[in-house]
Amino acid sequence: MLRVEKLRSGYGKIRVLHEVSLRLRPGEVVALLGRNGAGKSTLLKSIMGLTTQMGGEVYLADRPLRGLPSYTRAQLGLGYVPEERRIFPELSVSENLEVAYRGAGKWSLKRVFTLFPRLEQIAARRGGLLSGGEQQMLAVARTLLTNPKVLLLDEPTEGLAPILVKTIAGVVAELKATGMAILLAEQNLKFTAPLADRAYVLESGEVRMQGTMAELAQDKKVRELLSL
Ligand SMILES: Nc1ncnc2c1ncn2[C@@H]1O[C@H](COP(=O)(O)OP(=O)(O)OP(=O)(O)O)[C@@H](O)[C@H]1O
Ligand SMILES: [Mg+2]
């Protein structure tokens, strides 16, 4: 579904990722683990075309994406929920969702409200007034309305209370059950372990380890890299 081959990228002249390769198959949830500054967000941004690509390639269903702007990548089926969520503070929850809705495909307003009943309860509230967890739900819901084939989630549990972490975990599991491929950048191993089929561990912009969650969780080096 998504293939990253020896990708080198960064910001302007600053190189952050060094020959990163990974694969995401249809219906798979893959975690991207690594400490602060390891390059997780940079990798997701690079897949979306938001960084300077210096080498290698990203393929979506075998189509090379080099040179394509992020909105084209979104149209081709990449859904990206950035770390900073980017809710429109002046728009209501409904309006935030309507902005993203393209009018065709599996995901409708009704369906995202079924997935996130809380959003329906607060549909009229202004985006700027939402709690962190509500903002995260809205950010995910909004991306779903673009009917992505692949979902890139950047630390969806960051700053959330444990109960909301559970809600988000439930949503990721439901999306996985629908066959969506999900790449999940996370530091929260407790959240990731039951959800992810496999993981890649990044350090200093390189993939240091990869494997199933069970394999990685037992690896001493991985535990060190993740400060467990
Ligand atoms: N806009 C930017 N310009 C220059 N360097 C950047 C920029 N954004 C990030 N970096 C650098 O790239 C490296 C990787 O950062 P990145 O945000 O990808 O890490 P991360 O794994 O997502 O960390 P975190 O867990 O803290 O979110 C860091 O050294 C960071 O300082
Ligand atoms: Mg990050």
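Q: What makes R118 and E134 a salt bridge?
A: In this predicted model, the side chains of R118 and E134 come to 2.8 Å, N to O. The cut-off for a salt bridge is 4 Å between a side-chain nitrogen of Lys or Arg and a carboxyl oxygen of Asp or Glu, so the pair qualifies. R118 lies in helix α5 and E134 in helix α6, so the bridge ties together parts that are 16 residues apart in sequence.

Q: Why is E134 called buried?
A: Its relative accessibility is 8%. Buried means under 20%, so E134 makes the cut. As for neighbours, E134 touches R118, L119, I122 and R125, leaving aside residues up to four places away in sequence.

Q: And its partner, why is R118 called partly exposed?
A: R118 has a relative accessible area of 31%. Partly exposed covers the range between 20% and 50%, so that's where R118 falls.

Q: How do you know that E90 and R126 meet in a salt bridge?
A: Check the N to O distance: 3.9 Å for E90 and R126. The limit is within 4 Å, so the pair counts. E90 sits in the loop between β6 (78-81) and α3 (93-100), while R126 sits in the loop between α5 (117-121) and α6, so the bridge ties together parts 36 residues apart in sequence.

Q: Why do E90 and R126 get their accessibility labels?
A: E90 comes out at 58% relative accessibility, and exposed means over 50%, so E90 is exposed. R126 comes out at 38%, so the label for R126 is partly exposed.

Q: What makes D62 and R3 a salt bridge, and which parts of the chain does the pair link?
A: The side chains of D62 and R3 meet at 3.3 Å, N to O, and the cut-off is 4 Å, so the rule is met. The pair links distant parts of the chain: D62 is in the loop between β4 (52-60) and β5 (63-64), and R3 is in strand β1 (residues 2-11), 59 residues apart. D62 counts as exposed, at 60% relative accessibility. Salt bridges with shared partners also join R3, E5 and D62 into one network. Over the whole structure, the search finds 11 salt bridges.

Q: Why is R25 called partly exposed?
A: The relative accessible area of R25 is 44%. That falls between the 20% and 50% bounds, so R25 is partly exposed. R25 lies in the loop between β2 (14-24) and β3 (29-33), and touches M1, A181 and R198, not counting residues up to four places away in sequence. R25 and L2 are 23 residues apart in sequence and 6.7 Å apart in space, C-alpha to C-alpha.

Q: How do you know that domain 1 and domain 2 touch?
A: Contact needs heavy atoms within 4.5 Å, and 15 residues of domain 1 are in contact with 14 residues of domain 2. Domain 1 covers 2-77 + 148-225 and domain 2 covers 87-146, with C-alpha centres 23 Å apart.

Q: What do the two domains bury between them, and what does the rule find across the interface?
A: They bury about 1100 Å², 76% of it on carbon and sulfur atoms. Across the interface of domain 1 and domain 2, the rule finds zero salt bridges, and zero residue pairs in polar contact with both at pLDDT 80 or more. On the domain 1 side, β7 (150-154) and α7 (162-177) each supply at least two residues, and α7 gives the largest share, six residues. The residues on that side divide into 11 nonpolar, two polar and two charged.

Definitions and conventions
Residues numbered from 1 in each chain as written. Chains lettered and ligands numbered in written order. Predicted model: local features only at pLDDT ≥ 70, side-chain atom pairs only at ≥ 80, totals over all residues. Heavy atoms only, no water. Domains from an automatic or database assignment. Buried area = accessible area lost by both parts, 1.4 Å probe. Polar contact = N/O pair within 3.5 Å; in protein donor to acceptor, adjacent residues only side chain to side chain. Helix = DSSP H or I, 4+ residues; strand = E, 2+ residues; numbered from the N terminus. Nonpolar A, V, L, I, M, F, W, Y, C, P; charged D, E, K, R; others polar. Buried < 20%, exposed > 50% of the residue type's maximum accessible area, 1.4 Å probe, protein only.
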